[in-house]
Amino acid sequence: KNKRRLIEGDFDLDLSYITDHIIAMGFPSEGSSALIRNSMEEVQRFLDERHRGKYKVYNLCSERAYDPTAHFEGRACRYPFDDHNPCPFEMLKPFCEDVEQYTNAEN
């Protein structure tokens with residue numbers, strides 16, 4: 001597959017800017033998984049260098065998790081659903097409210 005990646009400077013990450021304020025990326029991993037996925041350390045470094053203090057990470061992955069308070073300066077939360085599936089309908093409203101609250105607070 002010809003996947004889009006961010007390759008700039010010393011960054012080579014599986015992520016794409018959807019808008020200037022929204023980034024989609026693969027799950028940030030640690031340990032041996034980071035060899036084939038985005039490295040948690042590199043994702044944090046990227047966000048700190050490019051968007052310090054002005055980001056929030058939404059983990060949508062149900063298959064893998066990390067402690068959201070231990071990473072991304074506590075700017076992470078989880079709304080999990082299975083890969084290649086729509087999110088549960090009951091999750092839409094709380095997710096959208098969380099995004100709205102965050103974006104309104106940032107503006």
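**Hairpin S3/S4**

I started with Leu15 and looked up its bridge partner in S4, which is Met25. Thr19 was next, and its bridge partner in S4 is Ile22. The strands here are S3 (15-19) and S4 (22-25); helices (H or I, at least four residues) and strands (E, at least two) are DSSP runs, numbered from the N terminus. S3 and S4 run antiparallel and are joined by four bridges, and two strands pair if DSSP finds at least two bridges between them. I also noted that S3 and S4 make a hairpin, with two residues between them.

**Ground rules I keep in mind**

This is a predicted model, where local features need pLDDT of at least 70 and side-chain atom pairs count only at pLDDT 80 or more, while totals for chains, interfaces and linings use all residues. Residues are numbered from 1 along each chain as its sequence is written, and side-chain values use heavy atoms, with hydrogens and water left out.

**Largest pocket**

I pulled up the largest pocket and got a volume of about 1700 Å³. For the record, a pocket is found on a 1 Å grid over the protein atoms alone, as an open set of points where a 1.4 Å probe fits, with protein on both sides within 12 Å along at least five of seven lines; lining residues have an atom within 4 Å of a point. Grid points are joined across faces, edges and corners, and the volume is the space filled by probe spheres set on the points.

Which residues lie nearest the centre of the largest pocket? I found Ile23, Ala24, Met25, Tyr58 and Leu60, out of 47 lining residues. The elements that give two or more residues to this lining are S2 (11-13), S3, S4, S6 (38-39), H1, S7 and H2 (89-106). So Met25, the partner of Leu15, turns up again among the residues nearest the pocket centre.

By class, I read off 24 nonpolar, nine polar and 14 charged residues in the lining. The classes are Ala, Val, Leu, Ile, Met, Phe, Trp, Tyr, Cys and Pro as nonpolar, Asp, Glu, Lys and Arg as charged, and the others, Gly among them, as polar.

**Helix H1**

I checked the span of H1 (residues 40-51): its twelve residues reach 16 Å from first C-alpha to last, close to the 16 Å expected at 1.5 Å a residue. The expected span is 1.5 Å times one less than the number of residues.

Which residues of H1 are buried? My list is Met40, Val43, Gln44, Phe46, Leu47 and His51. Looking down the axis of H1, I see these buried residues within an arc of 160°, so they line one face of the helix. That arc is taken over the directions from the helix axis to the C-beta atoms. Buried means under 20% relative accessible area, exposed over 50%, and partly exposed in between (1.4 Å probe, protein chains only). After H1 comes Gly53, with a positive phi near 70°.

**Strands S7 and S8**

I found S7 (residues 57-61) mostly covered, with four of its five residues buried. Val57 sits in S7 and counts as buried at 7% relative accessibility. S7 and S8 (residues 76-81) run parallel and are joined by four bridges. Opposite Cys61 I found Phe81 in S8.

**Positive phi away from glycine**

Most residues other than glycine have a negative phi. I noted Glu73 with phi near 55°, a positive value in a residue other than glycine. Glu73 lies in the loop between S7 and S8 and counts as partly exposed at 48% relative accessibility.

His84 also went into the notebook, with a positive phi near 65°. Where is His84? I placed His84 in the loop between S8 and H2, and His84 is exposed, with a relative accessible area of 78%.

**Distances I looked up**

Val57 and His84 are 27 residues apart in sequence and 19 Å apart in space, C-alpha to C-alpha.

Phe11 is in S2, buried at a relative accessible area of 2%. From Phe11 to Ala76 I get 21 Å, C-alpha to C-alpha, with their positions 65 residues apart in sequence.

Ser29 is in S5 (residues 28-29). Is Ser29 buried or exposed? I have Ser29 as buried, at 4% relative accessibility. Ser29 and Ala65 are 36 residues apart in sequence and 9.2 Å apart in space, C-alpha to C-alpha.
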